[in-house]
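These are my comments on the model, set out as numbered points for you to check against the coordinates. They deal with charged pairs, the domain interface, the database annotations and one loop residue.

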Amino acid sequence: MRIWCSLLLCFLGIPFLAKAQMNPVKFERYTLSNGLKVILHEDHSTPIAVVSVLYHVGSKNENPERTGFAHFFEHLLFEGSANVGRGEFDKYLSGAGGQNNANTSQDRTYYYEVLPSNQLPLALWLESERMLHAKIEPKGIETQRQVVKEERRQRIDNQPYGRFLEEMALRLFKTHPYRWTPIGSMEHLDRATESDYVNFYKDFYVPNNAVLTIAGDFNPALIKPMIEKYFSTIPKSTRPIYRPTVVEAPLGKELRDTIYDKVQLPGVFLAYRTPAQTDPDFYALEMLNRLLSGGQSSRIYKALVDEKQVAVAAQSVSLPLEQPGATIILGIANLGAEPSKVEEALDFEIEKVKTALVPETEFQKLRNQLEANLVDENSTLLGIAENLANFEVYYGDANLINTNISRYLKVTREDLQRVAKKYLDKNNRVVLYWLPEQKQ
């Protein structure tokens, strides 16, 4: 099943793991005449290749009356094309010994294939079909409507606290399209006409809104003519691609609310407005998030779960978004623990990082963990392909795959304290209590 949230991806049975990237990731970048950006990373360590296409369209690009379109298209564009029959997209790839998937966020839609390198032309053809000849017709639309509805039931409506991100977004943002999440509205999808879907495809699935990345075992001299053959004749969009320019007003005060739901244990969710992932402060906030919530030895988990035992789970999540987003800190109460005690314990840990510098030994451990994590992200061809595309789209600089780590390592203990004071402020947050229905 293709899901909208970011996926933890693995590919079992085919050894496509590349060497851990301690050395710089070498790549070539160029642009076709129709605006399609191409990034090539050559690696002959295994006979595997990854082909990916990132479309710079997510839920924030949607019409407020037609939310859920970006995620819906993630599903719909596996329905086939003028030259690929319904259901044959996956069959082509599995028959060639490959796998594929996709995911959608607030800012992008990402498709990829992992397959034997001698099958590269197949993946290029399929992705070019998706970009130019996708089938947008009633039968496929209705099929995928039902798929998306079932996905929502399984992953959101029938999961404990599954709607917390939706409810939090509605309160954090009043005018910005981040106020709805990528799953969107099922009612909007039902009301949409075939022309609504066709227009969305024409607006965003165009070469000048995409990055094609190929990583793995190939010869650039041979692959470039193939790319030209399959993609260069696809017309570019002649209209401006919609990018929201809404600037959300500051919250100005703490907003509090209570949700009653089918849960056994109360939950406490604290959400703070934070800057875009390209903002220099975001690096310090990411490190602060890891300090608070980087595993069972992190501050929040140790304090709330191990020591005070007021929670069965506690963590902090930083949302890396293209425009200003949020950091969410949460705790799920232990049996018999009042949610106010969970909030009190969370606030205590937040205040600690505001009032005292992180000890040097803890800070060095944090840096080491972060460095290992960044290296690990580039230890697979799939990770390299995705990072190259992300850095190109969000920062305009694919080479950040090699230099981004230095931005984190420049963060000081004083920076952690400064961003905690600046952003983890009670006047800059929403507090949600998620309580069992019987408490109502």
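1. A salt bridge is taken here as a side-chain nitrogen of Lys or Arg within 4 Å of a carboxyl oxygen of Asp or Glu. The model is a predicted one, and a search of the whole structure under that rule returns 35 salt bridges. One pair that links distant parts of the chain is lysine 37, in strand β2, with glutamate 392, in helix α13 (residues 381–395), the two being 355 residues apart. Their side chains meet with an N to O distance of 3.6 Å, which falls under the rule because the cut-off is 4 Å.

2. The domain assignment divides the chain into domain 1, covering 28–232, and domain 2, covering 255–436. Taken over C-alpha atoms, the centres of these two domains are separated by 28 Å.

3. How much area is buried between domain 1 and domain 2? The figure is about 3200 Å², and carbon and sulfur atoms give 70% of that area. In terms of residues, 35 from domain 1 are in contact with 37 from domain 2.

4. On the polar side of the account, the rule finds 6 salt bridges across the interface of domain 1 and domain 2. Across that interface there are also 13 residue pairs in polar contact, with both residues at pLDDT 80 or more. On the side of domain 1 that touches domain 2, the elements giving two or more residues are β2 (37–42), β3 (48–55), β5 (109–116), α5 (164–172) and β6 (210–216). Of these, α5 supplies the largest share, with 6 residues. Sorted by class, this side of domain 1 has 17 nonpolar, 9 polar and 9 charged residues.

5. Two annotations come from an unreviewed UniProt entry and should be cited as such. "Peptidase M16 N-terminal" is listed there for residues 37–160, a span that is 40% helix and 23% strand and whose end C-alpha atoms lie 41 Å apart. "Peptidase M16 C-terminal" is listed for residues 198–370; this span is 40% helix and 23% strand, and its end C-alpha atoms lie 43 Å apart.

6. Where does proline 324 lie, and what is around it? Proline 324 sits in the loop between β9 (311–318) and β10 (325–333). Once neighbours within four places in sequence are left aside, proline 324 is in contact with Phe173, Tyr178, Thr274, Pro275 and Ala276. For threonine 274, the C-alpha to C-alpha distance to proline 324 is 5.8 Å, although the two residues are 50 residues apart in sequence.

Notes: Residues are numbered from 1 along each chain as its sequence is written. Side-chain values use heavy atoms; hydrogens and water are left out. Domain bounds come from an automatic or database domain assignment. Contact means heavy atoms within 4.5 Å. Buried area is the accessible area (1.4 Å probe) that two parts lose on being put together, summed over both. A polar contact is a pair of N or O atoms within 3.5 Å; within protein, one must be able to donate a hydrogen and the other to accept it, and residues adjacent in sequence count only if both atoms are side-chain atoms. Helices (H or I, at least four residues) and strands (E, at least two) are DSSP runs, numbered from the N terminus. Ala, Val, Leu, Ile, Met, Phe, Trp, Tyr, Cys and Pro count as nonpolar, Asp, Glu, Lys and Arg as charged, and the others, Gly among them, as polar. UniProt positions are given in the numbering used here, feature names are shortened, and annotations may be inferred rather than shown by experiment.
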